[in-house]
Amino acid sequence: MQELIDRLMKEAGLSAEQATKAIQTIAGFVKSKFPMLEGAVDQIFAAGKKDEDPL
């Protein structure tokens with residue numbers, strides 16, 4: 001997940017906080033539109049996380 005945050009910061013000019021919120025928003029959107037993918041979305045975004053807050 002940190003790689004995605006870094007990329008959003010670099011390419012979109014977002015702060016770390018903004019990039020994290022954007023990822024959380026996108027993940028929530030995908031889970032609401034495709035509930036059958038909820039577990040997969042959680043796993044994808046948790047893969048790079050260590051001691052961070054859950055989405």
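Contact means heavy atoms within 4.5 Å. The exercises below apply to a predicted model.

**Exercise 1.** Determine which residues Lys31 touches, not counting residues up to four places away in sequence.

*Solution.* Step 1: locate the residue; Lys31 belongs to helix H2, which spans residues 16–33. Step 2: list its contacts beyond the excluded neighbours, namely Glu38, Val41 and Asp42. Step 3: examine the side chains, where Lys31 and Asp42 are joined by a polar contact of 2.8 Å.

**Exercise 2.** Decide whether Lys31 is buried, partly exposed or exposed, and do likewise for Asp42.

*Solution.* Step 1: recall that buried means under 20% relative accessible area, and exposed means over 50%. Step 2: Lys31 has a value of 18%, so this residue is buried. Step 3: Asp42 has a value of 30% and is therefore partly exposed.

**Exercise 3.** Find how many salt bridges the whole structure contains, and describe the pairs.

*Solution.* Step 1: begin with the principle that side chains of opposite charge can pair when their charged atoms come close. Step 2: the search of the whole structure yields two salt bridges. Step 3: one salt bridge links the side chains of Glu11 and Arg7 at 3.7 Å, N to O. Both residues lie in helix H1 (residues 2–12), four residues apart, or about one turn of the helix. Glu11 is exposed at 63% relative accessibility, while Arg7 is partly exposed at 48%. Step 4: another salt bridge links the side chains of Lys31 and Asp42 at 2.8 Å, N to O. Lys31 is in helix H2 and Asp42 in helix H3 (residues 38–46), so this pair ties together parts that are eleven residues apart in sequence.

Conventions: Residues numbered from 1 in each chain as written. Predicted model: local features only at pLDDT ≥ 70, side-chain atom pairs only at ≥ 80, totals over all residues. Heavy atoms only, no water. Helix = DSSP H or I, 4+ residues; strand = E, 2+ residues; numbered from the N terminus. Buried < 20%, exposed > 50% of the residue type's maximum accessible area, 1.4 Å probe, protein only. Polar contact = N/O pair within 3.5 Å; in protein donor to acceptor, adjacent residues only side chain to side chain. Salt bridge = Lys/Arg side-chain N within 4 Å of Asp/Glu carboxyl O.
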